[in-house]
Amino acid sequence: MTKVIIVGAGIGGTACALALLKHGLDVTLLEQASAFGEVGAGVQMSPNANRVIDALGRLDAVLDVAVRPEAAVATIWDTGEPMRVIPYGEKVLERWGYPYIHLYRPDLITALSAGLPDGLAKMASKVVAVREEPGRVGAELASGDIVWGDVLVGADGIHSTVQKHLHGDHPARFTGNMAWRGLCPGDVARDMGVPIVSGLCWGPGSHFVNYYVGGENGVGRYMNWVGTVPYDGSAIESWTAEGRIEDAVRDYDGWHERIRDIIAATPKAMKWALHDRDPLPFWSQGRVTLVGDACHPMLPFMAQGAAQSIEDGYVLARCLTETSGSTEDALLRYQRNRMERTAWVQEGSRRNEKVFHLSDPVAVAERNARLMAEVKTNPDGVSADQSRLFSHDVVADPLAD
Ligand SMILES: Cc1cc2nc3c(=O)[nH]c(=O)nc-3n(C[C@H](O)[C@H](O)[C@H](O)COP(=O)(O)OP(=O)(O)OC[C@H]3O[C@@H](n4cnc5c(N)ncnc54)[C@H](O)[C@@H]3O)c2cc1C
């Protein structure tokens, strides 16, 4: 049986392990942290990802802890008036067969990892190097031990050791954006009258996203928010750092008071320097390949990084079991099936940065008028990009050769 070593047990690595097991492969999951964990923040899961989660047998567990937004609502930054409302809820379910949901990240990783057999994930296993020998590939651990297998998958995130093994040391690009991330207590947000929607607000040079997460009986324990602001990067040395709430409120000076109230009611906020990469020229070489942020880190402006990593793992499992040639052929087939789509999402996320952060009043008025006109001609408000994203079915669609 093909033995696959996965480096990294984030959302991408964990989903990949579930997909490989489902396809009858032997899996070892190596994670540097001492336990499964995710940053205490929110994540949106779109129908294309939920379709895969269902195939992995984890959808019920995920839905138990999810919040389902009724709509995606874009508001005007200084008045708070709705500018565009796209119905989610039943509409999304009817159209794509799976819901659009919001999750507290630790709940998502718990729901996914609970599907793994006990002991399959080896925690406190930091991989420091990849070893390649004829007929096998190895993950060298910080302890000096080497775990050998037939295939090695780098699911080790944006600063991936496995990606460096394939491409050399080229740091990810700082995008000039910094994201504030916080969790306001859900009760406080409900008292403010914040509805159960996917909230989005574009202002000059910045934007703000907010949604409930931590579903208990469909009610969110927290109001998750992400405030993206421009930043010169000079003072951000680390990937994440705790910031001061008063600084976050100041960054939203002049914005609608509800946004500033949500930030002010948050006990603690983190600052994230946002990085991405240009699409890589290849993901697979010999017996080594990549999934998730290790191969396609992107700005979070299409809310698709984790969703794409979940798709990756399923396609990889299918290529390894549905390809008649060698293991190397299967890994090359995997990259052929994935690279165009993820490059499109990486580029779309960069395009959205420009659309979200317009400052020139004329350009802003044109954008807003265009969006409102779109709603009139297309009451469902679904864009061609969303259709392309959500309808993609890596479970049932035939693989390309
Ligand atoms: C502000 C923000 C909002 C976002 N919102 C969304 C959203 O709404 N929807 C969405 O789909 N995506 C979203 N994303 C993107 C999403 O968070 C990432 O794309 C996703 O988490 C990537 O998962 P991953 O498993 O590939 O990598 P990671 O989550 O980075 O996991 C990598 C894992 O590998 C481990 N690891 C690293 N190096 C080693 C090593 N050498 N040895 C062993 N283990 C190692 C790490 O400890 C970690 O557990 C957002 C991102 C940001 C920054």
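Leaving aside its neighbours within four places in sequence, which residues is I6 in contact with? Taking two residues to be in contact if their C-beta atoms, placed from the backbone, lie within 7 Å, I6 meets G13, C16, A17, V27, L29, L30, V153 and A155.

Before I go on, a word about the model. It is a predicted one, in which local features need pLDDT of at least 70 and side-chain atom pairs count only at pLDDT 80 or more, while totals for chains, interfaces and linings use all residues. Residues are numbered from 1 along each chain as its sequence is written.

I6 also belongs to the largest nonpolar core, which has 114 residues, and those with the most contacts inside it are I6, V7, C16, L152, V153 and L316. Such a core is a set of buried Ala, Val, Leu, Ile, Met, Phe, Trp, Tyr and Cys residues joined through C-beta atoms within 7 Å; a residue is buried if 20 or more other C-beta atoms lie within 10 Å of its own, exposed if 12 or fewer, and partly exposed in between, with C-beta atoms placed from the backbone. Helix α10, residues 305-322, gives the most to this core, with 9 residues. Helices (H or I, at least four residues) and strands (E, at least two) are DSSP runs, numbered from the N terminus.

Let me turn to how α10 packs. Helix α1, residues 11-22, and α10 pack at an angle of about 25 degrees, with their axes 8 Å apart, where axes are lines fitted to C-alpha atoms, for helices over the stretch in contact, and angles run from 0 to 180 degrees between N-to-C directions. That makes α1 roughly parallel to α10, given that angles under 35 degrees count as roughly parallel, over 145 as roughly antiparallel, 65 to 115 as roughly perpendicular and the rest as oblique. On the α1 side the contact involves I11, G12, A15, C16, A19, L20 and K22, and on the α10 side A306, S309, I310, D312, G313, Y314, L316 and A317. By class these residues divide into 10 nonpolar, 3 polar and 2 charged, where Ala, Val, Leu, Ile, Met, Phe, Trp, Tyr, Cys and Pro count as nonpolar, Asp, Glu, Lys and Arg as charged, and the others, Gly among them, as polar.

G12, which lies in helix α1, deserves a closer look. With 29 C-beta neighbours inside 10 Å, G12 counts as buried, and its C-alpha atom is separated by 7.9 Å from that of D312, although the two are 300 residues apart along the chain.

Where does α10 meet α11, residues 327-356, and at what angle do their axes cross? The axes come within 8 Å and cross at roughly 160 degrees, which makes α10 roughly antiparallel to α11. Q308, D312, V315, L316, C319 and L320 of α10 make this contact with A330, R333, Y334, N337, R338, T342 and V345 of α11.

Finally, the backbone. Most residues other than glycine have a negative phi. A303, however, has a positive phi near 50 degrees; A303 lies in the loop between β18 (288-290) and α10, and is buried, with 22 other C-beta atoms within 10 Å. A124 likewise has a positive phi of about 50 degrees, in the loop between β7 (121-122) and β8 (127-133), but A124 counts as partly exposed, with 13 C-beta neighbours inside 10 Å.
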